[in-house]
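The exercises below are meant to be worked through with the sequence and the model in view. Try each task before reading the solution beneath it.

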Amino acid sequence: MTHTVPDDAHPGLPPGLLTTIDHVGIAVPDLAEAIAFYERTFGVTSVHDEVNEEQGVHEAMLAVGDGETRVQLLAPLTPESTIAKFIGRSGPGLQQLAFRVTDVEAVSATLRERGLRLLYDEPRRGTAGSRVNFVHPKDAGGVLVELVEPAPH
């Protein structure tokens, strides 16, 4: 049995703004150890590695399957970083769910109109020059939701 919802019941985002799951972020205490574990255990490959001083992380993107979806490993740069605090509070593990969007400002504005809080007034630099913002976890069922607009190629 299928359940259909009238088109106007859940208006969603404007068409085409939310395109796919971009990545799932996992907080780890040791990046090299985590990369080795994921490569050895799951056969995924690290395809990008960078330090993001503004976010306080050393990160790696691991390609899954055809590489369109990724696992992001996030290790803290300092004990004061957001990721270090997350690990201290919750332990290593799932830290965020990231959706790829075509226009981070438009999606942010739509979500704000719906009463959700975003962490930044304006998008910030994310992985590989992307532009990002985050939905506050208290407004998304306890999940930190990242909005990622990839850098133009």
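**Exercise 1. A residue with an unusual backbone angle**

Is Ala128 buried, partly exposed or exposed?

Solution. This is a predicted model, in which local features need pLDDT of at least 70 and side-chain atom pairs count only at pLDDT 80 or more, while totals for chains, interfaces and linings use all residues. Residues are numbered from 1 along each chain as its sequence is written, and side-chain values use heavy atoms, with hydrogens and water left out.

Step one is the class: buried means under 20% relative accessible area, exposed over 50%, and partly exposed in between, computed with a 1.4 Å probe on protein chains only. Ala128 has a relative accessible area of 46%, and therefore it is partly exposed.

Step two is the place, which is the loop between β6 and β7; helices (H or I, at least four residues) and strands (E, at least two) are DSSP runs, numbered from the N terminus.

Step three is the backbone: Ala128 has a positive phi of about 55 degrees although it is not a glycine. Most residues other than glycine have a negative phi.

**Exercise 2. Another residue of that loop**

Describe the surroundings of Gly126, which lies in the loop between β6 and β7.

Solution. Begin with accessibility: Gly126 counts as buried because its relative accessibility is 5%. Next, list its contacts, where contact means heavy atoms within 4.5 Å: not counting residues up to four places away in sequence, Gly126 touches Glu50, Asn52 and Val132. Finally, compare sequence and space: Gly126 and Glu149 are 23 residues apart along the chain, and their C-alpha atoms are separated by 8.8 Å.

**Exercise 3. A histidine in a strand**

Which side chains make polar contacts with the side chain of His23?

Solution. First locate His23, which lies in strand β1 (residues 18-27) and counts as buried because its relative accessibility is 2%.

Then apply the rule for a polar contact, which is a pair of N or O atoms within 3.5 Å; within protein, one must be able to donate a hydrogen and the other to accept it, and residues adjacent in sequence count only if both atoms are side-chain atoms. The side chain of His23 makes such a contact with the side chain of Asp22 at 2.7 Å, and another with the side chain of Gln96 at 3.1 Å.

Last, leaving aside neighbours within four places in sequence, the residues in contact with His23 are Met61, Arg70, Gln72, Gln96, Leu97, Ala98, Glu146 and Val148.

**Exercise 4. Charged pairs**

How many salt bridges are there, when a salt bridge is a side-chain nitrogen of Lys or Arg within 4 Å of a carboxyl oxygen of Asp or Glu?

Solution. The count comes to seven salt bridges, and three of them can be followed in turn.

- Glu54 pairs with Arg124, the closest N and O atoms being 3.6 Å apart. This pair links distant parts of the chain, with Glu54 in the loop between β2 (45-52) and β3 (57-64) and Arg124 in strand β6 (residues 124-125), 70 residues apart.
- Arg100 pairs with Glu68, the closest N and O atoms being 2.5 Å apart. Here Arg100 is in strand β5 (residues 93-101), while Glu68 is in the loop between β3 and β4 (69-76), 32 residues apart. Arg100 counts as buried at 14% relative accessibility, whereas Glu68 counts as partly exposed at 42%.
- Arg117 pairs with Asp139, the closest N and O atoms being 2.9 Å apart. Arg117 is in the loop between α3 (104-113) and β6, and Asp139 is in the loop between β7 (131-135) and β8 (145-149), 22 residues apart.

To finish, note that Asp22, Glu68 and Arg100 are linked in a network of salt bridges; Asp22 is also a polar partner of the His23 side chain.

**Exercise 5. The largest pocket**

Which residues lie nearest the centre of the largest pocket?

Solution. The search uses a 1 Å grid over the protein atoms alone, and a pocket is an open set of points where a 1.4 Å probe fits, with protein on both sides within 12 Å along at least five of seven lines; lining residues have an atom within 4 Å of a point. The largest pocket is lined by 46 residues, of which His23, Gln72, Gln96, Phe134 and Glu146 lie nearest its centre. The largest share of this lining, six residues, comes from helix α2 (residues 82-90).
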